[in-house]
Amino acid sequence: MYGRERRRDTPLDPAALRAGLTPGQLKALETLEQFKWTLKFVRRPMFVDPIPVVFDRTGERWAVLESDGSLNESPGFRLRD
């Protein structure tokens, strides 16, 4: 798939996005959703735990949900536009 855009504009199934998340991440996600944050995607690198990425209601701020449920707003990687 070299040279082709693999990102999709269609929303993914919320249950599929949540699959593989830790109980701490799921609990934190439920709390964040009450404040209108949304789970946009989950990075699934090989041999590493899934990395869920959440966005605030405006879509300007984003953070990573760590495995213990804490938010990391400086995860060490950038998002593509």
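## The loop between α2 and β1

In this predicted model, K36 sits in the loop that runs between α2 (23-34) and β1 (38-43). The backbone of K36 has a positive phi of about 70 degrees, although K36 is not a glycine. Most residues other than glycine have a negative phi. K36 counts as exposed because its relative accessibility is 51%, where the cut-off for that class is over 50%.

K36 also takes part in the surroundings of an acidic residue further along the chain: leaving aside residues up to four places away in sequence, D56 touches K36, W37 and R61.

## The loop between β1 and β2

A positive phi in a residue other than glycine is also found at F47, with a value near 65 degrees. F47 belongs to the loop between β1 and β2 (51-55), and F47 counts as exposed because its relative accessibility is 81%.

Which residues form a nonpolar patch on the surface? The patch consists of M46, F47 and V48, which together have about 430 Å² of accessible area. F47 thus combines a positive phi with a place in this nonpolar surface patch.

## D56 and its surroundings

D56 is placed in the loop between β2 and β3 (62-65). What is the nearest side chain of opposite charge to the buried D56? That side chain is R61, which is 4.8 Å away, and D56 has no salt bridge. The distance does not qualify because a salt bridge requires a side-chain nitrogen of Lys or Arg within 4 Å of a carboxyl oxygen of Asp or Glu.

The side chain of D56 does, however, approach backbone nitrogens: a polar atom of the D56 side chain lies 2.9 Å from the backbone nitrogen of G59, and the side chain of D56 reaches the backbone nitrogen of E60 at 3.2 Å. The picture at D56 is therefore of a buried acidic residue without a salt bridge, whose side chain has polar contacts with the backbone at G59 and at E60.

## Salt bridges

Two salt bridges are present in the structure. In one of them, the side chains of E33 and R18 meet with an N to O distance of 2.5 Å. This pair links distant parts of the chain, with E33 in helix α2 and R18 in helix α1 (residues 14-18), 15 residues apart. Both partners are partly exposed, E33 with a relative accessible area of 31% and R18 with one of 27%.

A salt bridge is also formed by E73 and R61, whose closest N and O atoms are 3.2 Å apart. Because E73 lies in the segment after β4 (71-72) and R61 in the loop between β2 and β3, the pair ties together parts that are 12 residues apart in sequence. E73 counts as partly exposed at 45% relative accessibility, and R61 likewise counts as partly exposed, at 42%. R61 is thus the salt-bridge partner of E73, while also being among the residues that D56 touches.

## Overall architecture

The protein contains two helices and four strands, which follow the pattern α-α-β-β-β-β when read along the sequence. Of the 81 residues in the protein, 26% are buried. Among contacts between residues at least 6 apart in sequence, 35% join residues at least 24 apart. The protein exposes about 6,500 Å², of which carbon and sulfur atoms supply 51%.

Notes. Residues are numbered from 1 along each chain as its sequence is written. This is a predicted model: local features need pLDDT of at least 70, side-chain atom pairs count only at pLDDT 80 or more; totals for chains, interfaces and linings use all residues. Side-chain values use heavy atoms; hydrogens and water are left out. Buried means under 20% relative accessible area, exposed over 50%, partly exposed in between (1.4 Å probe, protein chains only). Contact means heavy atoms within 4.5 Å. Accessible areas come from the Shrake-Rupley method with a 1.4 Å probe; for residues, only the protein chains shown count as cover. Patches are made of residues with over 30% relative accessible area and no salt bridge: like charges are joined within 9 Å, nonpolar side chains (Val, Leu, Ile, Met, Phe, Trp, Tyr) within 5 Å. A polar contact is a pair of N or O atoms within 3.5 Å; within protein, one must be able to donate a hydrogen and the other to accept it, and residues adjacent in sequence count only if both atoms are side-chain atoms.
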